[in-house]
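Notebook open, new model on the screen. I want to look up a few basics before I read anything into it.

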Amino acid sequence: TSWPETRYYQAQSLLRLKRTDEAQAVFSELVKMGPSRLGERAYADFFAKFGEQDTKQARTATAQYLRG
């Protein structure tokens with residue numbers, strides 16, 4: 001899966017380039033990603049410290065952020 005923060009800034013950049021259709025597609029993808037993230041299990045982040053995982057609260061916060 002892609003990193004939602006990166007996709008968000010990609011969409012913002014597309015807006016600045018007046019590529020609104022592409023930006024809207026990315027924003028829609030992010031909104032759809034939110035509910036699916038709510039049901040995800042914990043996963044170890046590639047860049048996280050050994051053994052450290054996202055907490056359920058952190059995953060829920062990210063999912064709510066994506067939903068808007």
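What is the mean pLDDT of the protein, and what share of its residues reach 70 or more? I started there since this is a predicted model. The mean comes out at 76, and 68% of the residues get to 70 or more.

Next I went through confidence by element. Helix 1 comes out highest, with a mean of 90. Helix 3, residues 56–67, is lowest at 75.

Then the layout. I count three helices and zero strands, so to speak an α-α-α run from the N terminus on.

How much of the protein is buried? I get 21% of the 68 residues. The exposed surface is about 5,500 Å², and 54% of that is supplied by carbon and sulfur atoms.

I looked at contact range too. Taking contacts with a separation of 6 or more, I find that 46% are between residues 24 or more positions apart.

Which residues make up the largest nonpolar core? My list has eight: A11, L14, A23, V26, F27, L30, M33 and L66. Helix 1 (4–16) and helix 2 (20–38) each put in at least two residues. Helix 2 has the largest share of this core, with five. I jotted down the general background as well: in soluble globular proteins, nonpolar side chains tend to be buried together.

Last, I picked L14 out of that core and checked what it touches. Leaving out residues up to four places away in sequence, L14 is in contact with R19, E22, A23 and V26. Of these partners, A23 and V26 are also on the core list.

Methods: Residues numbered from 1 in each chain as written. Predicted model: local features only at pLDDT ≥ 70, side-chain atom pairs only at ≥ 80, totals over all residues. Heavy atoms only, no water. Helix = DSSP H or I, 4+ residues; strand = E, 2+ residues; numbered from the N terminus. Buried < 20%, exposed > 50% of the residue type's maximum accessible area, 1.4 Å probe, protein only. Contact = heavy atoms within 4.5 Å. Areas by Shrake-Rupley, 256 points an atom, 1.4 Å probe, with all protein chains shown as cover. Core = buried A, V, L, I, M, F, W, Y, C linked by side-chain atoms within 4.5 Å. pLDDT = per-residue confidence, 0-100.
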